[in-house]
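I opened this structure to practise reading it with care, one place at a time. These are my entries, in the order in which I looked things up.

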Amino acid sequence: MSETEQKLRNEAMTLLEQGRADYIIGYEAGSLKFTTTPLITRDKDDIDRLVINPFILNNLSVFLGDISGKAGIVAKGCDSRSIVSLIQDQQLAREDIVIIGVPCSGVIDLNKVEKLTGKDRDELDDIAWAGDKAVVTIEGAKKEFPAKDVLMDDCLSCDMPAPQEYDILLDEVGPLVCDKELSRSQIKELEEMSPEQRWEFWKNEFSRCIRCYACRQVCPACFCKRCFVEETEPQWISPLPKWQDNLIFQMTRMIHVAGRCTDCGECQRSCPVNIPLRSLSKKMEEIADELFQYKAGTDKDAPPLMAAYESEEAEDFIR
Amino acid sequence: MSQESEWEPKILGFLCRWCSYAGADLAGTSRKKYPANIRIIKIPCSGRIDPLLIIRALRTGFDGVLVSGCHPGDCHYQTGNYRARRRIAITKNFLEYMGMEPQRLQASWVSASEGGKFAEVVSEITRDLKEISPNRLFTDERDGTKATE
Amino acid sequence: MKKVKKQDITRLLSQWQKEFTVFVPSRENGAAEMTVWDGQDVSFLDWYRNTVIPPKANFLLNMEIMFGFRKEDGSYNLELPAAATQKQLVFGIRPCDARATSIIDMVFKDAYEDKYYLNRRENTLLIGMGCLNPYDSCFCTSLGLGPAEATDVDLMLTDIGDDFLIEEVTDKGKELVARTEGVVEATRDDESRAGEVKDTAYKKVTRKIDTREIEKRLPASFDNEEFWEKVAAKCVSCGICTFLCPTCYCFDINDEMLKGDGARYRNWDSCSFPLYTKMPAENPREEKWRRVRQKVHHKYTFYPSLFDVIACTGCGRCIRLCPVNWDITQTLESVPAEAATGTEKK
C-alpha cells in the first residue's frame, strides 16, 4: 500500500467517524486486471478497500446525484472540475461534499497498450510507471513505452492534474506529460477534411451505435432527470438505433453539455462500440473557449456558460 | 449547378413573437415582397430556441433554419436574445464541425418595425441556400430512408 | 470425426458462401461482431477471442421491421416483410454464445412462436469454434459449459495445430460436411489431441461461481433491500450489460410514421433503463437497486424456475464491457446466506 493510499484511508475514516461525510465515494480494486471500480459506502469496514493507482479511471462525480446526505469524494483534477461544474449548475451544494483531491499524472489507456503490444489487457502481466516510461510486462519480458504513447488522450491535454477545489489534498502534484497536439490529432484530421467527408465520417461512426446510452449515463454533466430522448410527447427522436437518430442524440447531447463537459473522457471510454466521442466533446470545449473564453468547472462562483452572456460578444453570424 | 439553382429551398423560421414575428407581419401588411420559401413558427422569445429544435428541423428535411429575435437590448424578457445568441453560436460552430454547411443555420435581429429588413433577410438566406444543394444530411441512400414527418 | 487444414479455411468458407450468407467475426466496423464475410479475409483466426456484439444480433435484430403500413382511402393497408429465406451460416460462434441461442429459443420458439426470430434461426447453421484463450472475465465452466465443448452448434471446430478437428454435432452439420470439399477423415491422434486442447482450455477459465449455492441463496435475497442497494450503488444504469448479453432478449416496439406510410419496428430494450417499466401511474422499478435485482434474478431465479436453466452462459461480456466494472459474479457470490428479516418498503 502506498503512502497516498494510507493517507486516503485515514482521511476517509476520519470523515465517517466525525460525521463530516455520510458516504465515501472512492475506488477499490476491480475484478479484472488493471481495473478499479467505484466504491460507494457508508460502512467503516469498507474503508481499507480504498485504493489509488494509475487505473483510477471513472469520474466518480456522476454518483453524487444518487447520494442523499454528505459525501466525501475522491477526485482527480478533471473530476474536481466536474464537481465544480455541478455546483455552478446548482446540482450540488459545496458544503454537502468533502473533496479528497488526488493529484494525477494521467491514467493509462489500455486500448493504446493493447494496440502497441498486440495483446489484450488480460494477457499482460503488469503495467507500471518507471519515471516517464510505462513498463509493460508480457510473459516475463519487459517493454518500455513513452508516457505520451500510453496515456489517455484527454490526459495528454490536461492542464489541471491536481484539483483546484478541494478540502483535503492527498499529495503533491506528480510529473505530468502533456502533448496537446497529439491529444487532438483526430480533431485535426477531421478539420482538414471537407464538410461532406466529415459528415460521412460521423455517419459511419454512428451507424454502429446501439443506443445503450452508456455515454450519457457515465457523464456527470448529463444530470437531467429525464433526457429528451425519452420524451414521447412530442417524440423528439426515434428510439430506434438508426444512424440519423443516433447522431442527433449525440449532437444534441454534446451541445447540451457545452460548458459543462470537462473533457474527462468517460463517454468515449464507456462506449462499447468505440465511437470516438472525445473528438466531439473536446472540440466543443475548444469552441466554448474560443468564442467565450470559458473553461468548464474552473470557477464555482461563475455562472454556467449557457446561463450567462455579455452584452457585446460574437455575433458576426447574425444578420 | 444550373439544375440545382432551379430548386426552391424550404426554410423553417423560429421567430420571436415580440419582434421578428411582428416584423414579418409588418412585411406582409406593407406588401413587401419576399420569397415564399419560409415557414414560420412563432416562439415566445428567441431564448426559447433549443439546439434540438434546429437539428430536428434539419432531420425533418428543411434546407435551412432561421432563428430571429429582438435586437440586443430590446428583449421583452431583458436577456432572452443574449442567451439565444450564445446558444446559436455554439450550435452553429459545432454543427459546422460535424459537417453541416454554414448556410443552413441562420440568425437575425429583426424588430417589429423592420418589415423591410425581414423581407431582405428571407431573400438573402433563400439566395444563400440556393447556392448549396438541398439538405441531404439525413437522407440515407443506402436504405432510402426518408426524413420523418 | 473429420478435419480440415487451416490454410483451407478460405476454401471451405468459399464453398459455403455459394449456399449461405456466411458470417464471420470482424472488427472492421470498430467493434467485433459477426458480419458478412468478404470472401477473403480470415485474419480473425489470429485475433478472435469473442465478439463484442453477441451473435444473437443475427436472429434478434436490433432494428426489425415487423410490418409496414400505408394509408390508403381512409384506412391502413399492412405489408408484411418478405420472410428471410436466405440461409445463413455463422462461422466461429463460441460455445457460450451458441448455448445462449438455445436459451433464447425457449422464449421465442417454445414458449410461443416468434416468426421473425424463427425465420432466421431455422435458416441458420451454427459452426462453433473452440475458445482456447478465454478472457479473465469468462466463467462458462461454472455454468456447465466448456470453452471448447461441442454444444448447441451444428459443427464444432477445434484448433489442433495445423488442422481444425470437425465434430459433426447435428444431421444438418453432417450433411454440410458431406458436401464440402477439402474435409478429410480425422485420425485417432487428432481426436486425442483435440481432447487435450479442450482440457487445457477448460483449465484456463479461472473465474468460478457456485451455481448450486446461488440457486439456494438468491431467491431468499429478493426482499433484502439493503443488500441490493449496496451492490447496485455503482451501477450507472446504462444498457451495455443487457444489450450485449447473449441471452437477453427484451425488446421494445415502435411505430415510425412517414408521410402517409410507416412501419412498426422492434428494437432491443433493457431492464436497466427506468423507462422500461414506466407506466402512467407508477414505475415499479424507479430505483436503481430494483432494476439491478431484476436483472440478476431474471437470469438466476426466474429463468430457472420457468425453463429449468440459468439464463447466463458465463461469456463475461457484462463484466468486461461494463464502464464501472460491475461484476455479476461478485454480486452472486456475495448474496447473504441468511434470508433478510426486513420486509421491502413500499
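**Loop residues with positive phi**

I began with B:Arg31, which I found in the loop between α1 (20-29) and β2 (38-43) of chain B. I kept in mind from the start that this is a predicted model. The phi angle of B:Arg31 is near 55 degrees, and I noted that this is a positive value in a residue other than glycine. I then asked whether B:Arg31 is buried or exposed. Its relative accessibility is 75%, and because exposed means over 50%, B:Arg31 counts as exposed.

I next looked up A:Gln90, which lies in the loop between α2 (77-88) and β4 (97-101) of chain A. Its phi is near 60 degrees, again a positive value in a residue other than glycine. A:Gln90 has a relative accessible area of 70%, so I entered this residue as exposed.

**A cis peptide bond**

Which two residues does a cis peptide bond join in chain A? I found that they are A:Glu233 and A:Pro234, with omega at about 0 degrees. A:Pro234 has its place in the loop between α9 (214-217) and α10 of chain A, and α10 is the helix that I followed next.

**Helix α10 of chain A and its partners**

I wanted to describe how α10(A) packs, and I reminded myself that two packed helices are described by the angle between their axes and the distance between the axes.

Within chain A, helix α8 (residues 195-206) packs with α10(A) at an angle of about 105 degrees, and their axes are 8 Å apart. Since angles of 65 to 115 degrees count as roughly perpendicular, α8(A) is roughly perpendicular to α10(A). On the α8(A) side the contact is made by A:Trp199, A:Trp202, A:Lys203 and A:Phe206, and on the α10(A) side by A:Trp243, A:Asn246, A:Leu247, A:Gln250 and A:Met251. I sorted the residues of this contact by class and obtained six nonpolar, two polar and one charged.

I then turned to chain B, where helix α3 (residues 80-98) packs with α10 (residues 243-256) of chain A at an angle of about 140 degrees, with the axes 10 Å apart. That angle makes α10(A) oblique to α3(B), and the crossing in which α10(A) passes α3(B) is right-handed. From α10(A), the residues A:Leu247, A:Met251, A:Met254 and A:Ile255 meet B:Ile90, B:Thr91, B:Phe94, B:Leu95 and B:Met98 of α3(B). By class, this contact has eight nonpolar residues, one polar and no charged ones.

I noticed that A:Leu247 and A:Met251 are listed in the contact with α8(A) and also in the contact with α3(B).

**The interface of chains A and B**

How many residues of chain B are in contact with chain A? I counted 43 residues of chain B, which are in contact with 47 residues of chain A. The two chains bury about 4300 Å² between them, with 64% of it on carbon and sulfur atoms. In chain B, the residues that lose the most area to chain A are B:Arg86, B:Tyr97 and B:Met98, which together make up 21% of what that side buries.

**Buried residues**

I looked up C:Leu176 in helix α5 (residues 171-178) of chain C. Its relative accessibility is 0%, and therefore C:Leu176 counts as buried. Leaving out residues up to four places away in sequence, C:Leu176 touches C:Trp16, C:Phe20, C:Leu89, C:Leu125, C:Ile127 and C:Leu155. The C-alpha atoms of C:Leu176 and C:Leu155 are separated by 8.9 Å, and these residues are 21 residues apart along the chain.

C:Asn325 is in the loop between α11 (317-320) and α12 (328-333) of chain C. With a relative accessible area of 4%, C:Asn325 is buried. Beyond residues up to four places away in sequence, C:Asn325 touches residues of chain A, among them A:Gly30, A:Ser31 and A:Leu32, as well as C:Lys234 and C:Ile319.

My last buried residue was A:Val102, found in the loop between β4 and α3 (110-117) of chain A, with a relative accessible area of 2%. A:Val102 and A:Ala162 are 60 residues apart in sequence, yet 6.4 Å apart in space, C-alpha to C-alpha.

Notes:
Residues are numbered from 1 along each chain as its sequence is written. Chains are lettered from A and ligands numbered from 1 in the order in which they are written. This is a predicted model: local features need pLDDT of at least 70, side-chain atom pairs count only at pLDDT 80 or more; totals for chains, interfaces and linings use all residues. Side-chain values use heavy atoms; hydrogens and water are left out. Axes are lines fitted to C-alpha atoms, for helices over the stretch in contact, and angles run from 0 to 180 degrees between N-to-C directions. Helices (H or I, at least four residues) and strands (E, at least two) are DSSP runs, numbered from the N terminus. Angles under 35 degrees count as roughly parallel, over 145 as roughly antiparallel, 65 to 115 as roughly perpendicular and the rest as oblique. A crossing is left-handed if the near helix is turned anticlockwise from the far one by less than a right angle, and right-handed if clockwise. Contact means heavy atoms within 4.5 Å. Ala, Val, Leu, Ile, Met, Phe, Trp, Tyr, Cys and Pro count as nonpolar, Asp, Glu, Lys and Arg as charged, and the others, Gly among them, as polar. Buried means under 20% relative accessible area, exposed over 50%, partly exposed in between (1.4 Å probe, protein chains only). Buried area is the accessible area (1.4 Å probe) that two parts lose on being put together, summed over both.
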